Amino acid sequence: MSVVPIVENNIAHVAKEKDSIIELHSITKKYSQATAVDNISLNIKEGEFLSLLGPSGCGKTTTLRMIGGFELPNQGSIKIDGKEAGNLPPNQRPVNTVFQNYALFPHLSIYNNIAFGLKQKKISKAQIASDTTEMIEIMGLQQHMEKYPRQLSGGQQQRVALARALVNKPRVLLLDEPLGALDLKLRKKMQFELKKLHEQFEITFIYVTHDQEEALIMSDRIAVMNQGRIEQIDTPQQIYNNPKTLFVADFIGETNVIDVDLLESQNRENLLKEFSQVKNSDKKLVIRPEHLKITQSRFQPNRITFEAKLKKVHFVGSKRVVECVSGSQEIVVNLSDEEQMDHLGESICLSARKDLVKIL
């Protein structure tokens, strides 16, 4: 069961449990005058798949590198398995890292790439052969074990990088945008393969990505980062359906962010019954495109409705993406392909259930 987070003063605190394997407390990392990671705290449970999600420069890779020992924090503490690890080098931490560029050894065969870490441990040759062969079979690389990295496709190289990391049986696997170099179709396939590997090996995965869909598909929990801070950490369902900040709402998936005039005398119920759109309001109405419907009636129980004009209709396979204009603001609606449109330029009513509308 996922831990319920409390976000306060830009620090994400997760209720500590006995099975937390990674504990970050008040971690800060600065480069000259720039702050890459700004006072974050985070507990990661043993065996969970946690994604660090955010735009470029938000601090997610720096956070991962500090867990792996490739960067040292300026302040704060890092514990792995309950032991202080903030100053330990990477080879003394029970973690392995898979990088975006795979970092395979070009002069070694696939077999020897995978066996490399085991050989460094100076275990028996028989054990090395057994563990390496088993991992090659799990990854479906039997036909490629004598080849070299340059002879493999991007997807195959990625499997080799994963095999090399997993064969060492780390407590934690760190993955720094490992699917970034793959084409869209292969990337989607590898998302499900990674999730399958996570379930099979039952170790902790910490995954860095800027791809929202990737994080939603694979993660047990997602930590959304922005400007070095954690804005929200929660399950994919809660992140998508109940964003806590405007940044999270706007960054995750498609979102309509509508300026509204929220008077202090109005409560939420009154606002949702009737609201006026105003530019530069300090409150925003957040509605997902799939939660909006085109309706005939202006007033409906338990729904908000407002007028708009049809601007454009885009056919996108199983759905239609409808661009509308309400006042000075553009609004996007996702409808099924079967739903009929009125003529462009005509006035329509847009409607959404109250419980699916957020005010941020």
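In which loop is Glu202 found? Glu202 belongs to the loop between helix 5 (184-201) and strand 10 (204-209), where helices (H or I, at least four residues) and strands (E, at least two) are DSSP runs numbered from the N terminus. Its phi is near 55°, a positive value in a residue other than glycine. At 65% relative accessibility, Glu202 counts as exposed; the classes are buried for under 20% relative accessible area, exposed for over 50% and partly exposed in between, with a 1.4 Å probe and protein chains only. Ser26 also has a positive phi in a residue other than glycine, near 50°, but the place of Ser26 is in strand 3 (residues 20-31).

The model is a predicted one, in which local features need pLDDT of at least 70 and side-chain atom pairs count only at pLDDT 80 or more, while totals for chains, interfaces and linings use all residues. Residues are numbered from 1 along each chain as its sequence is written, and side-chain values use heavy atoms, with hydrogens and water left out.

With that in place, the chain as a whole can be introduced. Its secondary structure comes to 9 helices and 20 strands. Of the 360 residues in the chain, 49% are buried. The chain exposes about 18000 Å², of which carbon and sulfur atoms supply 49%; accessible areas come from the Shrake-Rupley method with a 1.4 Å probe, and for residues only the protein chains shown count as cover. Contacts (heavy atoms within 4.5 Å) between residues at least 6 apart in sequence join residues at least 24 apart in 65% of cases.

Strand 3, the home of Ser26, takes part in an open sheet of 4 strands in the order 4-3-6-7, with antiparallel pairing. Two strands are taken to pair if DSSP finds at least two bridges between them. Strand 4 (34-45) and strand 7 (83-84) are the edge strands of this sheet, each pairing on one side only. Strand 3 and strand 6 (residues 75-80) are joined in the antiparallel sense over 5 bridges, and one of the residues to follow here is Leu24, whose bridge partner in strand 6 is Ile78.

Leu24 leads on to Thr63, a residue of helix 1 (residues 60-68). Leaving aside neighbours within four places in sequence, Thr63 is in contact with Leu24, Val37, Ile40, Leu52 and Met225. Thr63 counts as buried because its relative accessibility is 2%. A polar atom of the Thr63 side chain lies 2.8 Å from the backbone oxygen of Gly59.

A second open sheet is made of 3 strands in the order 13-14-20, again with antiparallel pairing. Strand 13 (256-260) and strand 20 (358-359) stand at its edges with a single partner strand each, so one side of each is left without a neighbour in the sheet. Strand 14 (residues 283-287) pairs with strand 13 in the antiparallel sense over 5 bridges. Along this pairing, Val260 stands opposite Lys283, and Asp259 has Lys284 as its bridge partner. Strand 14 is joined to strand 20 by 2 bridges, and these two strands run antiparallel; here Leu285 stands opposite Ile359. Strand 14 is mostly covered, with 4 of its 5 residues buried.

Strand 14 also helps to enclose an internal space. The structure holds 1 cavity of 30 Å³ or more, and the largest cavity has a volume of about 80 Å³. On a 1 Å grid over the protein atoms alone, a cavity is a set of points where a 1.4 Å probe fits but cannot get out, whereas a pocket is an open set with protein on both sides within 12 Å along at least five of seven lines; lining residues have an atom within 4 Å of a point. Grid points are joined across faces, edges and corners, and a volume is the space filled by probe spheres set on the points. The largest cavity is lined by Tyr240, Asn241, Pro243, Val286, Ile287, Arg288, His291, Leu356 and Lys358. Helix 7 (236-241) and strand 14 each supply at least two residues of this lining.

The largest pocket has a volume of about 570 Å³. Among the 25 residues that line this pocket, Val95, Asn96, Thr97, Gly117 and Asn168 are the closest to its centre. Strand 8 (95-98), helix 2 (110-120) and helix 4 (154-166) are the elements that give two or more residues to the lining, and strand 8 gives the most, with 4 residues.

Conventions: A polar contact is a pair of N or O atoms within 3.5 Å; within protein, one must be able to donate a hydrogen and the other to accept it, and residues adjacent in sequence count only if both atoms are side-chain atoms.
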